[in-house]
Amino acid sequence: MEKRIENSSIALEINGFIFSLEPFLAINGELKKPREVKERGKGFELVFEDCSGSFKIEEYPPKCLRIEAGVEKGYSKNGILAKIHCKIEGYRRLVLYHFTYDPEKYFGEADTPYEYPCFREPRNREYSAWSFPAHLKSLNELPKGLKASQILLEGDGCYAFLLAVSNEGSRGFITEWSNGFSIVLDREAEGKWSKALIAVFSLSEDPYTAIGKAYEACFEALGKPYALRKNKTLAEPFRFLGWCSWNSMWFNPNEQAILKLYDSLVKSGIKPGFILIDDGWQDELKTESGARAIKSFKPDPNKFPNGFKNLVKHLKDNGVKYVGLWHTLNLHWNGVAKNSELFEELKDFLVDTGEFAIPDPNRSFDLYNKLYEKIRSAGFDFVKVDNQSFVGYSYSNKIPIEGAARKLHEGLEGAAYVNGIEVLNCMAQQPENQFNWLRSTVSRNCIDYIVPHKKSRNKLHLYFNAYNSLWMSQIVWPDWDMFQSHDPWALQQAVARAVSGGPVYITDNVGETRPEIVKPLAFQDSSIPLPDHPGLPSRDVVMRDPYNESIPLKIFTRITVRNIGVYGVVASFNINKNDEIVEGSVSPSDALLKQGEFVSYEYFSGEAKLVGVDEKIPLRIEPMGVRLHIFSPVKNDLAAIGLKDVYLMPRGIVSGYSSSDKNLVLEVYEPGEVLIWSMRPIKIKKEIIQKTGNLYFIKSSNTPIEIKR
């Protein structure tokens, strides 16, 4: 890495990228540009008129730069602690993640095909609950006020990743797209400061490492590496197929409707492992303006006349393992209704906003503990916490924005932990939230799956989820949201959920479930065949735009089976905006498999082929079509492909081992149809349903399968 000072800017040249930074720091209430920048050890000294500051650029690990600023007399009147004006040269295309606004008319009114990306100049202080990826060729295409959280850039044989950091009470974001851009740290509250981590800039020959290194270096510096997904365990309820009330019942979930729906699912052959009661259960106050505030922790007596406890018990007595309940981070969309039973109970833990009351971040544990004690006593196992995006608006000019988010998350997750409650985060893709999912393991990965069904929205739902997973998977298991199996394009949605690696749950209407779509998502005990890691776009499409280009969206993951090896899984989708047939190829190397021979098995066509690790299989996918390739490792001329009853077939094999006479023995997860591929004739002490070429379709019970060669 080469460093040089050019006037008041610092230029870094590394792996073909030139990254220049011009710092402005808040001193005595105003942002000031240093009079002089001097190199000092591994960092830089910033000389101002009446004080000095520091600008530290630390390389950790190699080719990963942590950028930190510090200053004497640090004080901000408008909340902005630092603004670093930047320029990047040496890239040819990029993926930008903004959280400024939802796409125009995306909910309901928009025509198909929908034009995306669609940018406009944002209104003052406007931001969205969601992260929106966009593939671009230049940063010059952006409106000046757009707010981005991170950028992935592709150069000549190298990738660079820039992550703005939220810490020290401030939301970190990237904006001011004019002759470069600015990284901004904004508390939205007046106060003193002394130092803050501003950004992390990492480089690697592959995009996954560039992103992973940045997040690891960032969270290590912030002192919370435990918040990285790699240091967490996926919460137990989300290991099972679920059903949620939202798109099925909207604002009207009720006891009888939920029981009727559950009976309908069971009759169709689907037994969800969890049930989630979404918005609409509350005993609430509704104003003429449409505001909604909660009055009691008790449910609406007209919808749940027997309360929650009997309903939850009935569901669990009839096979449901876990039941969840929705609420917002501020308890309801507009908070707590004043002059209500709940306000009187909680007023010591609330902040009065005039018409309503919201949580006091400093007393958040006490507040959420009261809520979760009641939720747990009713038998609930987890919560879906919505509207986390309210923080930036509601505490502005009162409490530093990141500090408020951090204290709320600490209180909520602490209260959840002591009460045995798991947390599913929602509407939370703003930086102040993403840096503070400390213990929780799951968060929604993109804007809602929307009903009524429209082609463009279905396509963009997959696009947003796939590319958001590149960064979301660093801190949580991405939740691709619920879907309906009676959606006209449900097969795409189902396969995407299967490879996502996160929660899988439907929101079907009574009597409309399509078992052929849903059943392969789970085993008979409702557990999900989870892959080794969240699904990600394959390397050849990371920097491409499968919505606007005639290429397939390819999402890969892997599955490790004990004593057999690592399988590759690649799901390929046609999400082309204009419904063009797309062509491409798929290979074991798309799943980052390194060496060896594999049997490629396409789930829907049944086509099987022996391939090398880099061999490309042609793809031609019709509009809204999907392909699912399983790449099974070959050993001794044999490949155990897996259980045909689930989309992620290899997970149906628990383990394999060789008996004393070198025969292969497979332990399967459950009875079903197991596929084996062999170049030589084999003998099996099971019923062979069918033999097609080198493929054996075997009817299996719970006992191991012994394969004699």
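Start by selecting helix H6, and pick out its buried residues: Ser364, Leu367, Tyr368, Asn369, Leu371, Tyr372 and Ile375. Bear in mind as you go that you're looking at a predicted model. Why do buried positions keep coming back along a helix? An α-helix has 3.6 residues a turn, so residues three or four places apart point the same way.

Now show the whole of H6, residues 364-377. This helix has 14 residues, and from its first C-alpha to its last it reaches 20 Å. That is close to the 20 Å expected at 1.5 Å a residue. Step past the end of H6 and you come to Gly379, where phi is positive, near 105°.

**Next stop: a histidine in a loop**

Select His332. Where does it sit? Look in the loop that runs between strand S23 (322-328) and strand S24 (336-337). Is His332 buried or exposed? It counts as buried because its relative accessible area is 0%, under the 20% cut-off.

Zoom in on the side chain of His332 and add Glu284 to the view. The two side chains make a polar contact, at 2.6 Å. Then bring up the rest of the company: setting aside neighbours within four places in sequence, His332 is in contact with Asp279, Gln282, Glu284, Arg292, Ala293, Ile294 and Trp326.

**Then a phenylalanine in a helix**

Jump to helix H10, residues 455-472, and select Phe464 inside it. Phe464 is buried too, with a relative accessible area of 0%. What is it touching? Leave out the neighbours within four places in sequence, and Phe464 is in contact with Pro103, Tyr106, Tyr116, Phe132, Pro133, Cys446 and Ile447.

Keep Ile447 selected along with Phe464 for a moment. They are 17 residues apart in sequence, yet their C-alphas are 7.9 Å apart in space.

**Last stop: the cysteines**

How many disulfides are there to find? The count comes to zero, taking a disulfide as a pair of cysteine sulfur atoms within 2.5 Å. Try Cys158 as an example: it is in no disulfide, and the nearest cysteine sulfur, on Cys64, is 12 Å away. Cys158 counts as buried, at 3% relative accessibility.

Finish on Cys426, which is in no disulfide either. Its nearest cysteine sulfur belongs to Cys244, 9.2 Å away. Cys426 is another buried residue, with a relative accessibility of 1%.

Technical notes:
Residues numbered from 1 in each chain as written. Predicted model: local features only at pLDDT ≥ 70, side-chain atom pairs only at ≥ 80, totals over all residues. Heavy atoms only, no water. Helix = DSSP H or I, 4+ residues; strand = E, 2+ residues; numbered from the N terminus. Buried < 20%, exposed > 50% of the residue type's maximum accessible area, 1.4 Å probe, protein only. Polar contact = N/O pair within 3.5 Å; in protein donor to acceptor, adjacent residues only side chain to side chain. Contact = heavy atoms within 4.5 Å. Expected span 1.5 Å × (residues − 1).
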